[in-house]
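Reader: I am new to protein structures and would like to know what the words in a description really mean. Could we go through one together?

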Amino acid sequence: MNTPTYHRFDTIIVGSGGAGLMAALHSGKEVGTAVVSKLYPMRSHTGAAAGGIAAALSNIEDDSWENHAYDTIKGGDFVVDQTPVEILCREAVECIYDLEHMGLPFDRTPDGRISQRRFGGHTRPVPGDSSKREPVMRSCHAADRTGHMILQTLYQQCIKQGVTFFDEYHMLDLIMVEGECRGIVAIEIATGRLHVFHAKSVMLATGGFGRMFKVTSNAFALTGDGPAIAYRHGIPVEDMEFYQFHPTGIYRLGVLLTEGCRGDGGIMFNGKGERFMETYAPNMKELASRDVCSRSIYEEVRAGRGVSGKDFVYLDIRPSTINKYKSSPIHRDGLEVDDHFIESRLSESLELSRTYLGIDPLKEPMPIQPTAHYAMGGTPTDFETRVLRNASGEIVPGLYAAGESACVSVHGANRLGTNSLVDLVVFGRRAGKAMARFAKENDFKPIPKDAAAPTKKQIESVLSKPRTEPWIRIRDELQTVMMDECGVYRTAEGLGNASKTVAKLKKRYESTGIQDKGTVFNTGLLEYLELGCLIDLAAATVASAESRKESRGAHSREDFPDRDDVKHFNHTFATKEGDLGVKIDTRAVDVIYVEKDGQKVPKYPLEVRKY
Amino acid sequence: MSELTDPTKGYLSTRMLTVQLKRFDPEKDKEPHWQEFKVEARPIDRVLDVLMKVKWDQDDTIGLRKSCGHGICGSDAMRINGQNNLACKMIVQNLKSDKITVEPILGLPVIKDLIVDMKPFFDHYKSIMPFLVNNDPAPTTERLQTPEQRERFDDGTKCILCACCTTACPPFWGNREYVGPAAIVNAHRFIFDSRDQAAGERLEILNDAEGVWRCRTVFNCTSACPRGIKVTQLISEVKRALITGVVDVPQPDEVLA
């Protein structure tokens, strides 16, 4: 292995999805910035986001950012940091206009404004009766490929601005000196050469880690590299027990059918042809939040009411069904849904169903099951996107994070649909600006001459080990145990089993090597290293889930079915201890207080979460 | 229930496939060569699953790109049975024969096995100014655009830059300086966007020996596009704009005036 190549930039951004590109645009305007990504920019998984991006524009129905904030806090089952949520919902509005000005092709209303649609958990007080809430059209959309359009638009702007990219460079280490982050080490995939990127600050924007579960909507690339590598350096991961299962994954394949299907009137039926969401969420029905819908599907399947007694239910978007139940918002205007309406708004979902299920959704319902979708947890940050070193909130100078890899905690125990895209643009932008400020106020600090030595050693050790078993078996077993024991429902016994299994898998992982010893595009090596990230994060996830002895949001403990606001109204911080040990701490939820009748009361009081 | 979702058919039944894979390892091989693998596949499997099964179970030195696995990221463009497609968008059930050949897309330098150097492709894309240009001060809210104006350039926005079209194009094989269908599709996306002000500059770039006139209307691009974009038609619309000097964008109706 040759001497590593040395680079120096004020700001290094790892990951080229929505958060990374948004940060690159804002940091790149002011200071030397480079994006390092293991994928080409347009390949990131932001592109798979379908249904929309929420902002209270009031283009179709009266709405306010305060409504959006309330929904987000309730959606997250209240363990949500309220200051960042208010930032999220306020800044969402200007970010949407920003994106439109950059050229994002939003769908339009007849009067030329950005079109909006309904999405799960997004509500407003019923006009005239503020004690009740109703669904509101808040999700701005570009057909059902909104994420793809965001990714495309941001990349186009990066080209316009001349942002520097290191495409297909895979980060393998952070350069940490005296508790500060001063750069990264990456491998150039095409040559196998190591590169040292010396920086004033580094941003982790590496996305989620859904590949630790068997059935997932996540890309192969989503292996949590950022949070995992930070975790190995003693930086905690926050709220890992909160992992969202999206209710409408394509049966067995896990690929997502957008929640927009339900926003536009799609209905879920069990094997007996019953609209079961009427039982679980009488008010919002299919537009209840995702955790509620996913649990409802599991309950139906457990009660033997899956289709043909199997483990799936139907999602029906046939115009005849939607018209029969008058479940589309356009019924209010006296209109009916037809094939063309569905084709124009949900074309991607139709195509996915036709390709992967052989089903035309205009004629038949689609078999669906919950699919592992989104990590509410990740590397903890404050609302300036600065990474936290511990549960008392001290920061790691020079290290930033945003997007799914981070946990600024705007999603709490369950994220609302469309809020991931809001999170990317709002906190991606804040990260870019914050890093530019940091770069102007600070000088480069020295890094060790042999900064790449640990990485070099790591690679040499993998390449020199004999392959005692195909590592893919270890991955398959990890995904199975996480899906079965740490999925939608959890118990102490199951989690105990998962914990032991993960420990055993880690030993097996460490003792086996790979076949490919080459340097050019050694994807075997990279997949092996990605699996290592998943194993470490799985250990943290299981330990976090064991520590939370209550049910809240996406975390459902069958042995503790109720929410416990006395013991568990807090965040979980998991820190690595030794090889596989995990130390758990808690951090208080950020609550905003307001003056009412001369007393300080919470602005968003705790309530029982019902839809 | 469709056959694919019927567990007894789509998931439990299997069929033995023979995969002919074009291999090239720059560290070992002087020339590319074919290698044959046998693999058991289910009707529901994607060709990508089949290739990953071969890689993971039989030979992890095989090089290929992949990411989303459902046709939106554009990583896994390859030539399957002589036709460009995304490996994740082809289902085993739809394969006519039990033998499939898989090779890298043509016209770009092969780095390893199915992996080609995408840089020349992205350079062509960047050359046509693939970004909105509007020098007027931005309003405090959105710029208005009618649904008809939005629809005008919709098709091109579906592009995922997978390179299936450009590397299926015979004129591109013959001349790699040609910007190729993908770049023209992306130019079209902005030329016909009512908010954009640089149509003239983009048309000038494409009115070049290596621009839109290289297109021989072979239609390979349209059949290769995994996103169903009417590539040849979009190219023709750019040609027409150059010939007539008119960029036909729908005018805002009275509501917006």
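**Asking how we know**

Author: Gladly! Please keep in mind that this is a predicted model. Among contacts in chain B between residues at least 6 apart in sequence, 66% join residues at least 24 apart.

Reader: What else describes chain B as a whole, for instance its helices and strands?

Author: Chain B has 10 helices and seven strands. Its C-alpha trace spans about 65 × 50 × 35 Å along the principal axes. Of its 257 residues, 61% count as buried. The exposed surface of chain B comes to about 10,400 Å², and 51% of that is supplied by carbon and sulfur atoms.

Reader: And where are the charges of chain B, on average?

Author: Chain B has 34 positive and 36 negative charges, and the mean positions of the two groups are 4 Å apart.

Reader: How do you know how much area is buried between chain B and chain A?

Author: The size of an interface is often given as the accessible area lost when the parts come together. For chain B and chain A, that area is about 6,000 Å², with 53% from carbon and sulfur atoms. Of the area that chain B buries against chain A, B:Trp56, B:Asp60 and B:Glu142 supply 12%, more than any other three residues. The contact involves 74 residues of chain B and 71 residues of chain A.

Reader: What makes A:Arg145 and B:Asp154 a salt bridge?

Author: Side chains of opposite charge can pair when their charged atoms come close. The cut-off for nitrogen to oxygen is 4 Å. The N to O distance between the side chains of A:Arg145 and B:Asp154 is 3.2 Å, so the pair passes the rule. The rule finds nine salt bridges across the interface of chain B and chain A, and 82 over all chains in the whole structure.

Reader: Why is it said that the salt bridge of A:Arg138 and A:Asp63 ties together separate parts?

Author: The closest N and O atoms of A:Arg138 and A:Asp63 are 2.7 Å apart. A:Arg138 lies in strand β5 of chain A and A:Asp63 in the loop between β3 and α2 of chain A, so the pair ties together parts that are 75 residues apart in sequence. Both A:Arg138 and A:Asp63 are buried.

Reader: Which parts of the chain does the pair A:Arg508 and A:Glu469 link?

Author: The side chains of A:Arg508 and A:Glu469 meet in a salt bridge at 2.8 Å, N to O. This pair links distant parts of the chain: A:Arg508 is in helix α15 of chain A, while A:Glu469 is in the loop between α13 and α14 of chain A, 39 residues apart.

Reader: Why is A:Glu469 called buried and A:Arg508 partly exposed?

Author: Buried means under 20% relative accessible area, exposed means over 50%, and partly exposed is in between. A:Glu469 has 13% relative accessibility, so it counts as buried. A:Arg508 has a relative accessible area of 26%, so it is partly exposed.

Reader: How far apart in their helix are B:Asp123 and B:Lys119?

Author: B:Asp123 and B:Lys119 are four residues apart in helix α3 of chain B, so they are separated by about one helical turn. An α-helix has 3.6 residues a turn, so residues three or four places apart point the same way. The closest N and O atoms of B:Asp123 and B:Lys119 are 2.9 Å apart, and the two form a salt bridge. B:Asp123, at 35% relative accessibility, counts as partly exposed, and B:Lys119 counts as partly exposed at 49%.

Reader: What makes the phi of B:Asp113 worth a remark?

Author: Most residues other than glycine have a negative phi, and most peptide bonds are trans. B:Asp113 has a positive phi of about 45° although it is not a glycine. B:Asp113 is in the loop between β6 and β7 of chain B, and at 3% relative accessibility it counts as buried. A:Glu178 also has a positive phi, near 50°. At 70% relative accessibility, A:Glu178 counts as exposed.

Reader: Why is helix α11 of chain A called largely enclosed?

Author: Seven of its 10 residues are buried, so helix α11 of chain A is largely enclosed by the rest of the structure. Among the buried ones are A:Leu350, A:Leu352 and A:Tyr356. The buried residues of α11(A) pack against β11, α6, α10 and β14 of chain A.

Conventions:
Residues are numbered from 1 along each chain as its sequence is written. Chains are lettered from A and ligands numbered from 1 in the order in which they are written. This is a predicted model: local features need pLDDT of at least 70, side-chain atom pairs count only at pLDDT 80 or more; totals for chains, interfaces and linings use all residues. Side-chain values use heavy atoms; hydrogens and water are left out. Helices (H or I, at least four residues) and strands (E, at least two) are DSSP runs, numbered from the N terminus. Buried means under 20% relative accessible area, exposed over 50%, partly exposed in between (1.4 Å probe, protein chains only). Contact means heavy atoms within 4.5 Å. Accessible areas come from the Shrake-Rupley method with a 1.4 Å probe; for residues, only the protein chains shown count as cover. Lys and Arg count as positive and Asp and Glu as negative; His and the chain ends are not counted. The place of a charge is taken as NZ of Lys, CZ of Arg, CG of Asp or CD of Glu. Buried area is the accessible area (1.4 Å probe) that two parts lose on being put together, summed over both.
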